[in-house]
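Work through the exercises below with the structure open beside you. Try each task before reading its solution.

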Amino acid sequence: MRAAGENFLPQTTTDTAFVEFERVQKSYDGETLVVKDLNLSMPKGEFLTMLGPSGSGKTTCLMMLAGFETATHGEIRLDGVSINNIPPHKRGIGMVFQNYALFPHMTVAENLSFPLEVRKMDKTTREAKIKRALGMVQMNDFAGRRPAQLSGGQQQRIALARALVFEPELVLMDEPLGALDKQLRETLQFEITNLAHELGITVVYVTHDQTEALTMSDRVAVFDDGRIQQLAPPDQLYEAPQNSFVAQFIGENNTLEGVVQQIDGDTCIVKLDSGDIIDAVPVNVSKAGERTKVSIRPERVEFDKSRLNPGAHTLKAEVLEFIYMGDIFRTRLRVAGTDEFVIKTRNAPDQVRLTPGSQIDIGWMAKDCRALDA
Amino acid sequence: MAEQMLAADGRPLKASLNRALRRQKMRALLLIAPLLLFIMLTFIVPIGQMLFRSVENQIVGDTIPRTVVALGDWDANTDPVPDDAVFSAFAKDLMIAVERKQHTRLGSRLNYETSGISSLFRKSGRRVDDIGEGYTDQFVAFDPAWEDPLTWATLFGDADWITAQAAWDGEGDEPAFVLSDDANEMLPRTADIYAAFAEVIQTENNDSPTEEQPWNVVYLALYEELRTYTGEPNYADLPGGEIIFAAEDAVRDFAPQSVRAAFADIDEDWEDTAVWQTIQTYSPAFTAGYFLNSVDLQKTPGGPAWQPENEQIYLTLFWRTMVMSLTITVSCILLGYPVAWMLANLPARKANLLMILVLLPFWTSLLVRTSAWKVLLQQQGVINDTLVWIGLVADDNRLALINNATGTIIAMTHILLPFMILPLYSVMKTIPPSYLRAAKSLGATNWTAFWRVYFPQSVPGIGAGSILVFILAIGYYITPEIVGGTKGVFISNRIAYHISTSLNWGLAAALGAILLAVVLLLYWAYDRIVGIDNVKLGG
């Protein structure tokens with residue numbers, strides 16, 4: 001797989017960067033690199049999510065930023081200052097852990113007081129700050145409780161308050177909502193984003209949940225194989241994936257394999273392995289004869305000819321399965337030799353429900369079909 | 001009150017539930033029954049018996065019952081030495097005890113309280129059969145029939161027994177002597193001692209009372225009884241009673257023999273008030289004496305009093321056992337904590353290797369390990385040699401590391417260390433490393449993060465380890481015995497001494513009971529202060 005970082009360098013310049021990774025590498029055993037040549041630059045106030053499958057290096061990056069792991073090579077800068085050799089407790093970075101890591105032998109108030117005490121603040125200041133932080137997460141009534149007496153969502157709120165109470169400019173979150181149920185997760189996603197924007201703090205958020213990444217972030221860095229595959233705002237990431245990994249990883253995606261026949265500016269013609277001809281946008285294919293994977297989102301596929309551009313290529317498809325999902329219909333088709341081609345249609349009053357076994361023609365706007373690396 | 005809940009069949013729900021659970025409970029009980037039985041028989045019952053020994057003192061009352069009664073109203077303050085009646089009762093008791101070979105046991109028992117009594121009893125036991133001989137001679141001189149065993153047997157034997165005895169052909173068991181009711185009524189004191197004589201002759205000597213002349217103390221008893229005769233009852237009613245009837249007047253002319261003088265002649269210690277006080281003090285069937293001795297007190301007629309200064313050892317030993325066990329526990333915490341921390345935080349492969357090293361001592365005999373310390377610690381041993389070689393210690397000033405408290409502490413810390421490390425490790429294993437990271441991310445230095453976040457969470461492990469090590473240490477025996485010398489022995493060594501060498505089991509039991517009580521008390525105190533719920537042995 002080709003690394004996208006080479007042709008998709010960070011957009012922000014070093015002048016305004018608050019957090020910077022420069023050519024950072026990390027190896028645990030001296031044989032394999034867990035993080036390979038990481039370059040990343042974040043402006044102040046940004047909410048950036050590191051998204052990727054487990055083992056992709058995203059948590060290692062976060063730990064290096066927090067100071068719990070040292071970079072094998074490269075430099076990490078915070079506000080222009082290299083922090084490679086600064087121990088974690090002097091970095092002043094707030095952190096929310098996967099399992100909250102609330103100190104079980106302290107009450108909520110004592111947990112929040114801890115970072116203030118080690119900073120030698122006096123009692124009145126501490127109390128005011130604790131009150132404010134608990135207020136931010138609506139947990140004022142729970143100051144005297146022990147973590148074990150709180151529900152998961154409440155513990156998460158306290159963990160957040162503890163990471164914010166000493167007013168850090170940068171807060172790191174390591175899959176903080178992983179252990180919560182769906183509904184609570186959605187509420188907290190919303191709360192965390194709001195809080196981050198209100199306080200103007202910079203957040204680096206690690207998750208493997210793409211919905212979380214898409215809904216919360218200003219930008220998302222998709223990690224795989226120790227590299228950032230794509231760093232972009234959520235809409236770009238979804239609609240314009242830069243390579244087939246990102247296309248596969250974010251959202252549902254139909255993939256067809258073939259060979260580029262002809263490139264003509266911002267469109268190209270791809271001959272699929274089944275012999276069918278389709279239109280696509282060349283993304284990282286450069287010349288005719290190259291193998292490619294074309295990616296089409298299920299909701300961009302049309303089977304109503306009147307909605308396609310005149311002269312657009314169509315494919316024959318056989319309906320295999322129709323699944324009713326409430327707000328949408330999900331239909332599985334056999335297209336160009338694959339059984340896993342999926343289309344999604346909105347459950348609108350005039351929407352057609354396809355019957356399994358029927359033969360249809362499908363097509364799409366050329367711009368929705370992206371020819372990516374093979 | 002809420003309405004009673006009913007099950008579907010109309011029974012009360014509680015009763016139904018109990019019925020349903022009863023089978024389960026029975027099955028559970030059956031599963032543990034073999035172990036329970038085993039423990040009851042081999043552990044609880046013997047321990048109970050042992051503890052009972054700490055207050056049990058029946059040996060005095062059982063061996064010299066007449067003396068105990070006679071001594072009842074003796075007051076040492078008004079009368080330094082008991083009167084002749086006590087000596088006379090003692091002569092009879094001692095005679096019986098000698099024949100039953102019990103007097104040395106009693107002597108040893110009383111010797112625990114006042115030294116010298118054991119030899120006094122043994123010495124007197126050899127000569128007690130002479131006491132009362134003067135009366136025997138006078139009875140026989142008065143009427144030679146008194147020398148004839150049959151005279152006595154006829155007087156005191158039950159008619160049926162006499163018949164059975166006469167018919168006995170020497171085969172099988174001899175008919176056991178039965179005391180005649182009339183004799184018992186008319187001459188109760190003589191009958192009592194004669195019956196004892198007859199029984200001892202039959203059971204201990206395999207002889208017949210019809211063939212053996214009674215002991216001198218029987219003549220003594222008869223003399224005493226006839227001497228105080230008031231005219232009633234009529235001895236002539238007894239079979240062959242004429243002879244007593246005749247002797248009744250004659251005894252007034254007999255030359256009195258002082259039993260007290262006879263004992264004083266055997267050993268002048270019998271005139272010593274302390275001997276008699278000891279016997280009187282330890283007459284009751286149950287005594288607190290062993291417990292008093294266990295805390296360096298002694299039982300005196302005036303209540304508990306301190307033992308002589310040079311005999312006070314137990315309080316010192318208890319105190320030393322406590323202090324040294326505490327020292328060992330603290331050393332185990334200091335040495336074990338870092339090891340447990342490493343075990344819990346190293347990668348699995350290295351941790352396993354380290355764990356094997358920790359467990360290694362368990363695979364070696366305790367005796368071997370302790371003996372190894374003897375080799376290492378002695379004045380010409382490896383450690384001293386090394387220190388001299390390095391130059392830290394002068395050759396003529398080698399450290400005394402063994403046969404003292406230092407030796408015991410070093411060896412026992414080593415032996416008990418795994419009992420500290422294992423509970424610590426199992427608790428530390430459950431503390432996620434993210435707590436330390438969280439603390440550091442919040443601005444705590446390594447030390448603050450450890451002390452305020454990690455350490456408090458490892459306290460249950462320290463508690464569990466400390467309880468284990470302390471309780472094991474407080475009762476430890478082998479190691480202090482081997483490396484402790486005199487200054488490094490524990491109370492358990494003293495207990496073992498009393499069990500196997502001095503055979504003062506009562507004192508050993510009392511010491512053991514106190515040790516058990518102290519351990520339970522400490523356990524209770526620990527529960528109150530730290531809370532037993534906070535102790536975690538794993539998980």
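**Exercise 1. A strand and its neighbours**

Task: sort the residues of strand β12 (residues 267–272) of chain A by covered and uncovered face, then find the strands that pair with it.

Solution.
- Step 1. The covered face of β12(A) holds Cys268(A), Val270(A) and Leu272(A). The uncovered face holds Thr267(A), Ile269(A) and Lys271(A). Strands here are DSSP runs (E, at least two residues), and helices are runs of H or I with at least four, numbered from the N terminus.
- Step 2. Strand β11 (residues 254–264) of chain A runs antiparallel to β12(A), and 6 bridges join them. Two strands pair if DSSP finds at least two bridges between them. Within this pairing, Val260(A) stands opposite Val270(A).
- Step 3. The two strands make a hairpin with 2 residues between them. In the turn, Gly265(A) has a positive phi of about 65 degrees.
- Step 4. Strand β13 (residues 277–282) of chain A also pairs with β12(A), antiparallel, over 4 bridges. Here Lys271(A) has Ile277(A) as its bridge partner.
- Step 5. β12(A) and β13(A) form a hairpin too, with 4 residues between them. Its turn includes Gly275(A), with a positive phi of about 100 degrees.

Before going on, note the ground rules. This is a predicted model, in which local features need pLDDT of at least 70 and side-chain atom pairs count only at pLDDT 80 or more, while totals for chains, interfaces and linings use all residues. Residues are numbered from 1 along each chain as its sequence is written, chains are lettered from A and ligands numbered from 1 in the order in which they are written, and side-chain values use heavy atoms, without hydrogens and water.

**Exercise 2. Salt bridges**

Task: state how many salt bridges there are over all chains, then examine examples.

Solution.
- Step 1. The count is 37 over all chains. A salt bridge is a side-chain nitrogen of Lys or Arg within 4 Å of a carboxyl oxygen of Asp or Glu.
- Step 2. Take Glu69(A) and Lys26(A), whose closest N and O atoms are 3.8 Å apart. Glu69(A) lies in the loop between α1 (58–66) and β4 (73–78) of chain A, and Lys26(A) in strand β1 (residues 17–26) of chain A, so the pair ties together parts 43 residues apart in sequence.
- Step 3. Check the exposure of this pair. Glu69(A) is buried at 18% relative accessible area, and Lys26(A) is buried at 6%. Buried means under 20%, exposed over 50%, and partly exposed in between (1.4 Å probe, protein chains only).
- Step 4. Move to chain B. Arg127(B) and Asp265(B) form a salt bridge at 3.2 Å between the closest N and O atoms. The pair links helix α6 (residues 117–127) of chain B with helix α14 (residues 259–266) of chain B, 138 residues apart. Arg127(B) is partly exposed at 35%, whereas Asp265(B) is exposed at 55%.
- Step 5. Look for a network. Salt bridges link Glu20(A), Glu22(A), Glu75(A) and Arg77(A).

**Exercise 3. Cysteines**

Task: how many disulfides are there over all chains?

Solution.
- Step 1. The search finds 0 disulfides over all chains. The cut-off is a pair of cysteine sulfur atoms within 2.5 Å.
- Step 2. Test one case. The closest cysteine sulfur to that of Cys369(A) is in Cys268(A), 7.7 Å away, too far for a bond. Cys369(A) is buried at 0% relative accessible area.

**Exercise 4. Aromatic rings**

Task: count the aromatic pairs over all chains, then classify two of them.

Solution.
- Step 1. There are 40 aromatic pairs over all chains. Rings of Phe, Tyr and Trp (its six-membered ring) pair if their centres lie within 6.5 Å; planes under 30 degrees apart are stacked, over 60 edge-to-face, and the rest tilted.
- Step 2. Phe139(B) and Trp146(B) have ring centres 5.3 Å apart and planes at 65 degrees, so they are edge-to-face. Phe139(B) is buried at 0%, and Trp146(B) is buried at 0%.
- Step 3. Phe450(B) and Tyr454(B) have centres 6.1 Å apart and planes at 25 degrees, so this pair is stacked. They sit 4 residues apart in helix α23 (residues 446–474) of chain B, about one helical turn.
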